[in-house]
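Dear colleague,

Please find below the structure that I am handing over to you. A short account of what was found in it follows.

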Amino acid sequence: KKVVIIDDDKDLVKLIAYAFKSEGIETEKFYTGKEALSFILEEKNLSNIALIVLDRLLPDMEGIELLKKINEKNK
């Protein structure tokens with residue numbers, strides 16, 4: 001299982017990813033909601049995600065909007 005990190009602050013993303021990787025946990029990093037949504041909604045990826053770390057304010061959409069889109073496609 002992977003942790004998906006979505007935030008437009010690249011330094012923060014690197015820090016969070018480092019913390020998970022130091023514990024042996026694989027991460028995927030995204031800086032926009034659109035990039036993350038494309039990755040997450042691929043069927044093979046959705047089943048391999050254990051946790052999503054998500055910023056509420058992304059440059060192209062709000063984090064809540066992203067979660068709603070994931071939920072709609074996952075029904």
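In what follows, two residues are in contact when heavy atoms lie within 4.5 Å. Please bear in mind that this is a predicted model.

I begin with the sheet. Three strands make up an open sheet, arranged in the order β2-β1-β3, and their pairing is parallel. At the edges are β2 (26–30) and β3 (49–54), each of which pairs on one side only. On average, neighbouring strands of this sheet are turned by 20 degrees against each other, direction ignored. As general background, the strands of a sheet pair through backbone hydrogen bonds.

Strand β1, which covers residues 2–6, is joined to β3 by 5 bridges in the parallel sense. Within this part of the sheet, I5 is placed opposite V53 of β3.

Two helices should be mentioned alongside the strands. Helix α2 (residues 33–41) packs on the sheet and touches β1, β2 and β3; its direction makes about 160 degrees with that of β1. Helix α1 (residues 10–21) lies across β1, β2 and β3 as well, and runs at about 170 degrees to β2.

Finally, I would draw your attention to one residue of strand β2, namely T27. Is T27 buried or exposed? Its relative accessibility is 10%, and buried means under 20%, so T27 counts as buried. Which residues is T27 in contact with, leaving aside its neighbours within four places in sequence? They are V3, I5, A17, F20 and K21. Of these contacts, V3 and I5 fall within the residues 2–6 of β1, while A17, F20 and K21 fall within the residues 10–21 of α1.

With kind regards

Note on methods: Residues numbered from 1 in each chain as written. Predicted model: local features only at pLDDT ≥ 70, side-chain atom pairs only at ≥ 80, totals over all residues. Heavy atoms only, no water. Pairing = 2+ DSSP bridges. Helix = DSSP H or I, 4+ residues; strand = E, 2+ residues; numbered from the N terminus. Axes fitted to C-alpha atoms, helices over the stretch in contact; angles between N-to-C directions. Buried < 20%, exposed > 50% of the residue type's maximum accessible area, 1.4 Å probe, protein only.
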